[in-house]
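Subject: Structure handover

Hello,

Here is the structure I promised to pass on. Please open it alongside this note, and then read on for what turned up.

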Amino acid sequence: MLALLLQLCGYLLGLTSLAALLTIIVLLYKTQPYPNITRYKDEKFYLDPETIKTIAFPSLDDPPTLELSVIVPAYNEQQRLPAMLDECMAFLAEKAQQQPDFSYEVIVVSDGSSDATVSVALKYSKIHGADKFRVLELVENRGKGGAVRLGMLSARGRQLLFADADGATKFADYDKLAEALSSLAPEWRHDGIAIGSRAHLEDESIATRSFLRTILMHGFHTLVWIFAVRSVRDTQCGFKLFTRATARKLFNSLHVQRWAFDVELLYLAERLQLPLSEVAVRWTEIEGSKLSPFWSWLQMGIDLFMIWLRYMVGAWRVAASQKKEN
């Protein structure tokens, strides 16, 4: 009987090993090692509402020409976007008035929106001018990560911030991130990331969340720690600031285009040993989230495992720019 059980265990172990080997072979054969960044012709231009002319976006590989670029990914955000943009533009205008050497731009990336997101954003471009406010309209939905990446690749700033369209994070906390980033990277050619964090609000959020959402949150954090990121407590806050040099490295290497892209970014940052700083920010939950708690977190859990597996077996590789910094 014991011999039979041992033989059965041997068969199962052999089958498991064979399945794992086949999985690795399929991943290596079917997966492109470096991301294939698709950008349609119309997505390479923005509209200047004043002249009604389309103008080519610059490239992230170009030298920077201003201090800060703010990238706002937006998918069907006509309702929540105005409040966020009002706060953002007022803060940046006041900062520029107080600091004459501070220059900025905001790029709203409409991720294949089917509502009036583009029209809403273009109104701000007309008010503030296309030099300060641009709209990148994607012809098809890419996912949040894909939208952020294309916005980053079109930016002019020495620092690049991506901020969620819901305005959940107080935009004035940019100053806290900028201070942290400056301590990591004195200038744009140096590497550094300042990461907005809600980790200090965890106890409060547990008190107001349902039991299911709390379990899902802890489960997700555990999976992140096991498979991807060890040095950051809150990987998902939509308020992250990069130097231009770091943005070049990370967004040219990013494979994940949907919700788990933050985790891959930080996984890559740890792998490349880039300086990181997690900064507490003020955050308020805003109604209208497009995430379904169970299914979206389940999908992100699967994505986490696949990120780890693909990098571990070499199916994905880091395409960090080897170009000499301008």
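Start with a charged pair. Asp262 and Lys240 form a salt bridge, with their closest N and O atoms 2.8 Å apart. Asp262 sits in helix H9 and Lys240 in strand S8 (residues 239–243), so the bridge ties together parts that are 22 residues apart in sequence. Both ends are buried: Asp262 has 2% relative accessibility, and Lys240 has a relative accessible area of 1%. Bear in mind throughout that this is a predicted model.

**Other salt bridges**

How many salt bridges does the structure hold? The count is 12. Two more deserve a look.

One joins Asp131 to Arg156, at 3.0 Å from N to O. This pair links distant parts of the chain, 25 residues apart. Asp131 is in the loop between helix H3 (117–128) and strand S5 (133–138). Arg156 is in the loop between H4 and strand S6 (157–163). Is Arg156 buried or exposed? Arg156 is buried, because its relative accessible area is 10%. Asp131 is partly exposed, at 47% relative accessibility.

The other joins Lys144 to Asp164, with the closest N and O atoms 2.7 Å apart. Lys144 belongs to helix H4, while Asp164 lies in the loop between S6 and helix H5 (174–184), so this bridge ties together parts that are 20 residues apart in sequence. Lys144 is buried, with a relative accessible area of 15%.

There is also a network. It joins Glu105, Asp131 and Arg156 through salt bridges that share partners.

**Two enclosed helices**

Helix H9 covers residues 261–271. Why call H9 largely enclosed by the rest of the structure? Because nine of its 11 residues are buried. Among them are Phe261, Val263, Glu264, Leu265 and Tyr267. Just after H9 comes Gln273, which has a positive phi, near 60°.

Helix H4 (residues 144–152) is also largely enclosed by the rest of the structure, because nine of its nine residues are buried. Its buried residues include three glycines, Gly145, Gly146 and Gly151. Lys144 and Arg149 are on that list too, as is Met152.

**The nonpolar cores**

How many residues does the largest nonpolar core have? It has 44. Met152, Val229, Phe242, Leu250 and Phe251 have the most contacts inside this core. Helix H9 gives the most to it, with seven residues.

Take Met152 as a way in. Leaving out neighbours within four places in sequence, Met152 is in contact with Leu60, Ile71, Leu160, Leu161, Phe162, Phe242 and Phe251. Two of these partners, Phe242 and Phe251, are themselves listed with the most contacts inside the core.

Another core, of 36 residues, lies apart from that one. Leu68, Cys88, Met89 and Phe171 are among its members.

**The S1–S2 hairpin**

Strand S1 covers residues 45–48. Strand S2 covers residues 53–56. The two strands run antiparallel and are joined by four bridges. They form a hairpin with four residues between them. In the turn, Ile52 has a positive phi of about 55°. Phe45 stands opposite Ala56 in S2.

Which S1 side chains are buried? Tyr46 and Asp48 are buried and point to one face. Phe45 and Leu47 point to the other face and are not buried.

Asp48 is the one to check by eye. Asp48 is buried yet has no salt bridge. The nearest side chain of opposite charge is Arg134, 8.0 Å away. A salt bridge requires a nitrogen to oxygen distance within 4 Å. Not counting residues up to four places away in sequence, Asp48 touches Lys53, Ile55 and Ala130.

**Cysteines**

How many disulfides does the structure hold? The answer is zero. Cys88 counts as buried, at 0% relative accessibility. Cys237 is buried as well, with a relative accessible area of 1%. Cys88 also belongs to the core of 36 residues mentioned above.

**To recap**

Asp262 and Lys240 are bridged between H9 and S8. H9 gives the most residues to the largest nonpolar core. Asp48 is buried without a salt bridge.

Best wishes

Conventions
Residues numbered from 1 in each chain as written. Predicted model: local features only at pLDDT ≥ 70, side-chain atom pairs only at ≥ 80, totals over all residues. Heavy atoms only, no water. Core = buried A, V, L, I, M, F, W, Y, C linked by side-chain atoms within 4.5 Å. Buried < 20%, exposed > 50% of the residue type's maximum accessible area, 1.4 Å probe, protein only. Contact = heavy atoms within 4.5 Å. Lys, Arg positive; Asp, Glu negative; His and termini not counted. Disulfide = S-S within 2.5 Å. Pairing = 2+ DSSP bridges.
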